[in-house]
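Thank you all for coming. I would like to walk you through one structure this morning, and I will put the sequence and the model up on the screen before I say anything about them.

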Amino acid sequence: MRFRLLGSALAIDLGTANTRVWARNGQPVVRQASAVAYMVGRNRCVAVGAEARDLAQRQAQNIDVVEPIRRGAVADFGAAVAMLRTFLRQAMAQRPLLSPAAVVSAPVETTGVAYRALRDALRAAGVSRVYPLPKSLAAAVGAGLPLDHPESVLVIDLGAGVTEIAVVAMGMVTAGCSTAFGGIDLDEAVRRYLWRTAGLQLSRAAAEDVKMRVGAVDPALAGNSMDLSALAPPGVEAKISASELAGVLAEALEPLVDQAQWTLEQLAPRQREEISVNGGVLTGGGALLRGLPELLSSRLGLRLVVAEDPLSATVLGLGAIASDIKNMAFDESRLMRMGLRGWHP
Ligand SMILES: Nc1ncnc2c1ncn2[C@@H]1O[C@H](COP(=O)(O)OP(=O)(O)OP(=O)(O)O)[C@@H](O)[C@H]1O
Ligand SMILES: [Mg+2]
């Protein structure tokens, strides 16, 4: 069947920490925190996106802040729908579409239940048809890989809740896995370390702030040490040095390194050869951690580069695929072949 709908398709990357929506040509029109704030009791939604995350950080009274996406999957259906409705309205402010179709990212290894929750949330928010594509394929295209690149390239998408490690060739994911590891696990490692060594009880947001401001896997690349006294009880002095933090982060990253090594080990010899020549690309916000590209390149023995805009690579790729499909008059079976393993419409 000929594809008719994608002329007016949106691209949506619904992430654990951030949601991005692309409407046409160029940059994503929505880059928002994946969060919804309700009055206690949930009878009224008071804020969505960055504003809702702000309310969570300020621990506003009478407000419950919900993060509808957990580890890349819809965890709170009602909140996911409320959030998507708002973001779709923002994305279509300039170009209103009646029941748009949408190309959306989904983990390469998804379950029927998780996929249906994603599809149903999008439909309830007003999307007429949902076309899911593997996150890592979209991320590779968003990082600049031509969709029909014939040889294998490695993609590591390090998000807030999920890391996808996949091999992409000829517009398909030919091997790979999604693992429940992401930036929030690094934040958690920082939190626990500061609690154990300094008795500090940091919020998740404060731990993330420490990671982003001082954090690096190699102390030589780190920011200066950070004074945490403002976060400690009155009269208690607390500080974290760059080298301390580098040790904590490097240790917390070990499961990811292990998973990537294991995934590479499982590949067919030809895939491994092509990857050793072509290398790979790092996407997702985690790719911005200083020293991470160098650490992964050396531990995997590969040349890995960070995408130009790692936080938006997936949605840019989805958008490029949506436009390409229209231009190239792809048929639906082509889209199916690019699609998710184990998934059927
Ligand atoms: N400069 C930085 N240094 C370290 N980590 C960073 C930096 N900037 C963003 N991050 C981390 O990137 C993560 C968010 O990335 P991203 O938006 O790609 O995730 P997501 O798409 O919402 O999640 P997922 O794909 O796992 O569902 C957060 O954990 C954040 O702490
Ligand atoms: Mg993501």
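Let me begin with a small question: which residue stands opposite Ala-102 in β10? The residue is Val-130, and I will use that pair as a way into the sheet, after saying that what you are looking at is a predicted model.

The two strands concerned, β9 and β10, pair in the parallel sense over five bridges, and they belong to an open sheet of five strands with mixed pairing, whose order is β3-β2-β1-β9-β10. At the edges stand β3, residues 30-33, and β10, residues 130-134, and because each has a single partner strand, one side of each is left without a neighbour in the sheet. If direction is ignored, neighbouring strands of this sheet are turned by 20 degrees against each other on average. Helix α3, which covers residues 112-124, packs on the sheet and touches β1, β9 and β10, while its direction makes about 150 degrees with that of β9.

Let us now stay for a moment with β1, residues 10-14. Five of the five residues of β1 are buried, so the strand is largely enclosed by the rest of the structure. In a regular strand the side chains alternate between the two faces of the sheet. In β1, Leu-10, Ile-12 and Leu-14 point one way, whereas Ala-11 and Asp-13 point the other way. On one side, β1 pairs in the parallel sense with β9, residues 102-106, over three bridges, and there Ile-12 has Val-104 as its bridge partner. With β2, residues 18-22, the pairing of β1 is antiparallel and runs over four bridges, with Asp-13 standing opposite Arg-20; these two strands form a hairpin that has three residues between them.

There is a further open sheet to point out, of three strands in the order β5-β4-β6, and its pairing is antiparallel. Here β5, residues 45-48, and β6, residues 63-66, are at the edges with a single partner strand each, so one side of each is left without a neighbour in the sheet. The strand β4, residues 36-39, pairs with β5 over three bridges, and in that pairing Tyr-38 stands opposite Cys-45. Helix α1, residues 50-57, packs on this sheet, touching β4, β5 and β6, and its direction makes about 110 degrees with that of β5. Helix α2, residues 77-91, also packs there and touches β4, β5 and β6, but its direction makes about 60 degrees with that of β5.

Stepping back to the whole chain, the domain assignment gives domain 1 as 5-144 + 311-338, domain 2 as 153-181 + 253-306, and domain 3 as 183-250. Between domain 1 and domain 2, 21 residues of the former are in contact with 20 residues of the latter. On the domain 1 side of that contact, α4 gives the most, with five residues, and by class this side has eleven nonpolar, five polar and five charged residues.

Finally, what comes nearest to ligand 1? Of the 22 residues around ligand 1, the nearest are Gly-15, Thr-16, Gly-159, Gly-183 and Gly-285. The elements that give two or more residues to this shell are α5, residues 183-198, and α6, residues 204-214, and α6 gives the most, with three residues. The shell divides into eight nonpolar, twelve polar and two charged residues.

Definitions and conventions
Residues are numbered from 1 along each chain as its sequence is written. Chains are lettered from A and ligands numbered from 1 in the order in which they are written. This is a predicted model: local features need pLDDT of at least 70, side-chain atom pairs count only at pLDDT 80 or more; totals for chains, interfaces and linings use all residues. A residue is near a molecule or strand if its C-beta atom, placed from the backbone, lies within 6 Å of it. Ala, Val, Leu, Ile, Met, Phe, Trp, Tyr, Cys and Pro count as nonpolar, Asp, Glu, Lys and Arg as charged, and the others, Gly among them, as polar. A residue is buried if 20 or more other C-beta atoms lie within 10 Å of its own, exposed if 12 or fewer, and partly exposed in between; C-beta atoms are placed from the backbone. Two strands pair if DSSP finds at least two bridges between them. Axes are lines fitted to C-alpha atoms, for helices over the stretch in contact, and angles run from 0 to 180 degrees between N-to-C directions. Two residues are in contact if their C-beta atoms, placed from the backbone, lie within 7 Å. Domain bounds come from an automatic or database domain assignment.
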